[in-house]
Amino acid sequence: MSTQAPQQIRIAVLPPDERPNTAGYAAWIGACSGADVILPPAALMPRFREPADTAGLAAWLREIDGEVDAHVISLDLLVHGGLIPSRLTHDRIADVIPRLDVLRDLRSPISAYQVITRLPHYDNATRSRQEPEYWATHGRHLFALSQAWDRQARGEADLDEVRAARAAVPAEYAGDLVRRRLRNHDVNLAALGLAADGTVRDLVITSDDTAPRGLPAAERLALSAWNDRLDAGALLYPGADEVPSVLVSRVIGQARGIMPRIFVTSPDAAGLSRIAPYEDRPVDQGISQQILALGGVRVDVASDADLVLVIHAPAEESGDFTGTPIDQDSRPASAAVAAETAAHLAAGRRVAVADVRYANGSDPALVTALDDVDALGELAAFGGWNTAGNTLGTTLAAGVSALFDNSAASSAARRRYLLTKIIKDGHYLPVLRVRLLQELAERGLSDPPLEEIPALAERVAEELTEWASGILALRGIRVVKVRWPWSYLFTVDFEIETTADTEQMP
């Protein structure tokens, strides 16, 4: 057997934005898999609400094309200047569609992805920084109007319901909403055309923060019909931020000639039929779509799998760490997940754990249960953040990375990724962030401004380090260089270091 290292794969990635959980995770998954992920120069990228330089990005793609083996391209970044700008800019359809032309100039294979624009259900001045300003006062009404329109089209509501919903929204707000959605829908249709004619090899169109009814659901149904008519082969399913990581993994698998075999299991089998928050279908269907997007195949027997994916399934009573405090006792369910995880590890299998019990953070009881059976630090991957799709995609991509490269560098990258995700998803999001938000609320402040909390980065680093010291799998880990790229608490980034007494840690 040859001991020669696999040939280095170079992938140019246009992420949807500059965040650590989109651009950063994609690059990290590349490192875990033995590939070189090349991101655009920072000067071309968006800065939260400020759009990217779309002309500069097109020029960069043409310039780097001959130096890479493949492209992974966010169409939101390419044509709108980023995921957030796609919800905010006033470019016309005639402005944005020609920005796709660069794809026909590229010689290396293209895996592209695009998001069906979300439609949040809340009024919130802070969160509305990611939406048009009128979402601060009319978000709930716009969501209700979206629901009424779709329900009427399906024969589930009458015209009076639509009229009542529309009367609650100023005409200029409703008009702005539908014009922007029409523009973005046209980009998705154009993307299907590019997949159908072979310009794009792989196309993924995901639904961001979606629901079973509403304009996003209606647009997905229309896109699905055109996908079938064109035989475009696109995958449509719930997700968004995880897609760059998933497609990076897919491209590497294609280059290596490896189709990962995934066995999915959960002690709460009935839970896999539940619909997780911000999604529009049972989580089990989403899992299957994520595996397809990864370039993998779902198998029925654990012993036949390259990776066992253990699911902490959605709770019967859904919960969200960004909403009402969760007071459910999840310890029995967590203990069952930990026991099944430990059993698969004892059988010598590669195991990843995806926690989709609640939204926007991992269940703290699960972290404790996994650590109590000495399984947490032995995992191939762990995730429990944001939506179910976000968690599933990134956990799968990290979990299969050892199939592609097992060098010392890749192994170290995987270890660091695992430990970082345990800290971020398992404690920062569901516990520390919630406590900080409560502190802000008690002082009459919102999130942001973060500068209202003195020495916040230092405090968070200290508290995360202290928590990690009590977790066996994190022994000797210190959190440093905490930052918030979008200046609000959810999107955190940090680095980890090891103390002198830590053994064999990256």
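This passage describes four parts of a predicted model, namely a helix near the start of the chain, a glutamine in a loop, a pair of crossing helices and an open sheet.

In helix H2, which covers residues 54–64, the buried residues are Thr54, Gly56, Leu57, Ala58, Trp60, Leu61 and Ile64. The elements that cover these buried residues include three strands, E1 (9–14), E2 (35–38) and E3 (70–74), together with helix H3 (75–80). At the start of H2, the backbone nitrogen of alanine 55 is approached by a side-chain oxygen of aspartate 53, which reaches to within 3.4 Å of that nitrogen.

Glutamine 130 lies in the loop that runs between strand E4 (110–116) and helix H6 (135–153). The relative accessible area of glutamine 130 is 11%, and because buried residues are those under 20%, this residue counts as buried. When neighbours within four places in sequence are left aside, the residues in contact with glutamine 130 are Phe48, Arg49, Ile84, Arg87, Leu88, Arg118, Trp486 and Tyr488. With one of these, tyrosine 488, glutamine 130 also forms a polar contact of 3.0 Å, in which the side chains of both residues take part.

Helix H6, which follows this loop, meets helix H8 (residues 171–196) in a crossing where the two axes come within 11 Å and form an angle of roughly 65 degrees. The crossing of H6 and H8 is right-handed. On the side of H6 the contact is made by Trp135, His138, Leu142, Leu145 and Trp149, while H8 contributes Tyr173, Ala174, Leu177 and Val178. Sorted by character, the residues of this contact comprise eight nonpolar and one polar, with no charged residue among them.

The sheet considered here is open and has five strands, which are arranged in the order E8-E7-E9-E10-E11 and pair in parallel. Strand E8 (297–299) and strand E11 (381–383) stand at the edges, and because each has a single partner strand, one side of each is left without a neighbour in the sheet. From one strand to the next, the twist averages 25 degrees. In general, the strands of a sheet pair through backbone hydrogen bonds, and this pairing may be either parallel or antiparallel. Within the present sheet, strand E9 (residues 307–312) and strand E10 (residues 351–355) are joined in the parallel sense over five bridges, and leucine 309 stands opposite alanine 352 in E10.

Key. Residues are numbered from 1 along each chain as its sequence is written. This is a predicted model: local features need pLDDT of at least 70, side-chain atom pairs count only at pLDDT 80 or more; totals for chains, interfaces and linings use all residues. Side-chain values use heavy atoms; hydrogens and water are left out. Helices (H or I, at least four residues) and strands (E, at least two) are DSSP runs, numbered from the N terminus. Buried means under 20% relative accessible area, exposed over 50%, partly exposed in between (1.4 Å probe, protein chains only). A polar contact is a pair of N or O atoms within 3.5 Å; within protein, one must be able to donate a hydrogen and the other to accept it, and residues adjacent in sequence count only if both atoms are side-chain atoms. Contact means heavy atoms within 4.5 Å. Axes are lines fitted to C-alpha atoms, for helices over the stretch in contact, and angles run from 0 to 180 degrees between N-to-C directions. A crossing is left-handed if the near helix is turned anticlockwise from the far one by less than a right angle, and right-handed if clockwise. Ala, Val, Leu, Ile, Met, Phe, Trp, Tyr, Cys and Pro count as nonpolar, Asp, Glu, Lys and Arg as charged, and the others, Gly among them, as polar. Two strands pair if DSSP finds at least two bridges between them.
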